[in-house]
Amino acid sequence: SATVERGPDGVLAVGGLPVTDIAARCGTPVYVLDEVDFHQRARGFVEAFAGWDVYYAGKSFLTTAVAGWAVADGLFVDCSTGGELTVALRGGVPGERIGLHGNNKSEAEIAMALDAGVGRIIVDSFDEIRRIGRLAADRDVRARVMVRVTTGVEAHTHEYIATAHEDQKFGFSIASGQAKEALRACEADPHLDLIGIHSHIGSQIFETYGFEVAARRIMMLHAEVAREFDRELPEMDLGGGFGIAYTSLDQPETPERLAAALRAIVEEQAHDLSVQVPRMSIEPGRAIVGPTTMALYRVGTVKQVVLDGGATRTYISVDGGMSDNIRPALYGAEYSATLAGRASSAGAVLSRIVGKHCEGGDILVRDEFMPADIAPGDLVAVPGSGAYSRAMASNYNMVPRPPVVAVRDGVLHTLVRRETIDDLLALDLGYDPVP
Ligand code: LLP
């Protein structure tokens, strides 16, 4: 359903606009977001999970415009810092439609959330429970909180983005009894309004099985605390983490199938444990914004490297790299790439798309077959660049971060402008005395 097409001249077009035009007007590298696709994916989740609340995970990619779209599409917004919270509020998200996460929220962040009247703060430590209680008491309000628990599920994804096994920093473990202790601590504090249990098992996960096991375990905890507190907590969140296709080998679930599987587990558990189904929510980020955006690069050099055994690999250097997409270097993430600005009838050769940074790990696409006649000046598109690319971009090697532009019906809008070296130099104070 994405509005990305290849014209008869071989030029890719996004939202009716050829990438050659976009590159000419915006320069490269540039992230090109297909606005219609964003709305379709957002609404697709809202419809598939009808009756549940869908929180868009702002950490994946958030700007004021995106926050506004999220609200228009019926999403809530999940923030994990004061910065994201500020962008969401500035983008017009009502406080009550925001959830605040984080394993080390500062007092300022908690205060900002309380003052904005956020719908929920997801608590992650005993220190934080006390801190929120105190800040809520100062303001004479009751903070709506959820307790983040770890379910012990070993999600099949990269270690750095798995979050439900025991030995990591997030949440309160169910197995150790700390989850229940945390729920008791919240329940006992008159300035905390404990609304439910939260679980996020990790990110870029394909099997629904892990989500199902987590849902079963937190429904059991939910039923136990209902008996102990003599009331059923009104809400429950199953987190995000739904995988997307970065290469043709990835087989993601549809929102419909995810929704059906999760609904079935929650309803079956509610029945077996004699509790009501709480008001449910999920927090997808990547699955909404990831596929909507391609990164568009221009080729600078092409080099043949002779491998052991005499075969060659074509190294295609583009004008971006690990500063605009750290995911391959950080997680071994795989992407695909395609010649975007023209047709080619040349044979395909094994290629590696690399960046311009000064290290060997600066690889964007490890293995891809690209036309043998690829040359400096060609445009290369890397799909699936909407989530955690611009959001995690850096200025390594003093490289200004690329802009994000949105296309719809042939019309281009800038969401985030290109950084300039002057932006970076504005932070460089020379040798300025600290007062
Ligand atoms: N909810 C919570 C509590 C989370 O921690 C996350 C992601 C999400 C929801 C959204 O997950 P998603 O649906 O986008 O997978 N930088 C990594 C991903 C880190 C995810 C952190 N938390 C990457 O590039 O793969």
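Two residues are in contact when their C-beta atoms, placed from the backbone, lie within 7 Å. Keep that cut-off in mind for the contact lists below. The model on screen is predicted.

**Stop 1: the two domains**

Colour residues 4-31 together with 291-425 as domain 1, and residues 35-290 as domain 2. The C-alpha centres of domain 1 and domain 2 are 33 Å apart. Where they meet, domain 1 contributes 22 residues to the contact and domain 2 contributes 22 residues.

Now select the elements on the domain 1 side. Helix 11 (327-331), strand 20 (404-408) and strand 21 (411-416) are the ones that give two or more residues to the side touching domain 2. Strand 20 supplies the largest share, 3 residues. By class, this side of domain 1 holds 12 nonpolar, 7 polar and 3 charged residues.

**Stop 2: the annotated span**

Select residues 38-289. An unreviewed UniProt entry lists this span as "domain: Orn/DAP/Arg decarboxylase 2 N-terminal". Its end C-alpha atoms lie 6 Å apart, and the span is 43% helix and 16% strand.

**Stop 3: strand 5 and its partners**

Go to residues 53-57, which form strand 5. Of its 5 residues, 4 are buried, so strand 5 is largely enclosed by the rest of the structure.

Show strand 13 (residues 279-282) next: strand 5 pairs with strand 13 in the parallel sense, over 2 bridges. Label Asp53 and look across to Ser281 in strand 13, which stands opposite. Then show strand 6 (residues 76-79), which also pairs with strand 5 in the parallel sense, here over 3 bridges. Tyr56 of strand 5 stands opposite Val77 in strand 6. When the side chains are switched on, remember that in a regular strand they alternate between the two faces of the sheet.

**Stop 4: the shell around the ligand**

Which residues come nearest to the ligand? Of the 23 residues around the ligand, select Ala57, Ser203, Gly240, Gly285 and Tyr388. Each domain supplies at least three residues of the shell. Helix 10 (286-289) and helix 11 each give at least two. The shell divides into 9 nonpolar, 9 polar and 5 charged residues.

Next, add the positions carrying the feature "binding site" in the unreviewed UniProt entry: Gly241, Glu283, Pro284, Gly285, Arg286 and Tyr388. Two of these, Gly285 and Tyr388, are the subject of the next two stops.

**Stop 5: Gly285**

Centre on Gly285, in the loop between strand 13 and helix 10. Is Gly285 buried or exposed? The cut-off for a buried residue is 20 or more other C-beta atoms within 10 Å. Gly285 has 24 C-beta neighbours inside 10 Å, so it counts as buried. Setting aside residues up to four places away in sequence, Gly285 touches Tyr56, Ala57, Lys59, Ser60, Gly240 and Ala387. Tyr56 is the residue already seen opposite Val77, while Ala57 and Gly240 are among the residues that come nearest to the ligand.

**Stop 6: Tyr388**

Move to Tyr388, in the loop between strand 19 (379-382) and strand 20. Tyr388 counts as buried because it has 25 C-beta neighbours inside 10 Å. Beyond its neighbours within four places in sequence, Tyr388 is in contact with Ser60, Arg286 and Arg327. Ser60 also appears in the contact list of Gly285. Check the backbone here too: Tyr388 has a positive phi of about 60° although it is not a glycine.

**Stop 7: Ser274**

Another positive phi is found at Ser274, a residue other than glycine, with a value near 55°. Ser274 sits in the loop between helix 9 (255-273) and strand 13. Ser274 has 9 other C-beta atoms within 10 Å and is therefore exposed.

**Stop 8: the N-terminal end**

Finish with strands 1, 2 and 3, which form an open sheet in the order 1-2-3 with antiparallel pairing. Strand 1 (4-6) and strand 3 (17-18) are the edge strands, each pairing on one side only. Strand 2 (residues 12-14) pairs with strand 3 over 2 bridges. Label Ala13 and find Pro18, its bridge partner in strand 3.

Then select Thr28 and Pro29: the peptide bond between them is cis, with omega near -10°. Pro29 is in the loop between helix 1 (19-26) and strand 4 (30-34).

Note on methods
Residues numbered from 1 in each chain as written. Predicted model: local features only at pLDDT ≥ 70, side-chain atom pairs only at ≥ 80, totals over all residues. Domains from an automatic or database assignment. Nonpolar A, V, L, I, M, F, W, Y, C, P; charged D, E, K, R; others polar. UniProt positions renumbered as here; feature names shortened; annotations may be inferred. Near = placed C-beta within 6 Å. Buried ≥ 20, exposed ≤ 12 C-beta atoms within 10 Å, placed from the backbone. Pairing = 2+ DSSP bridges.
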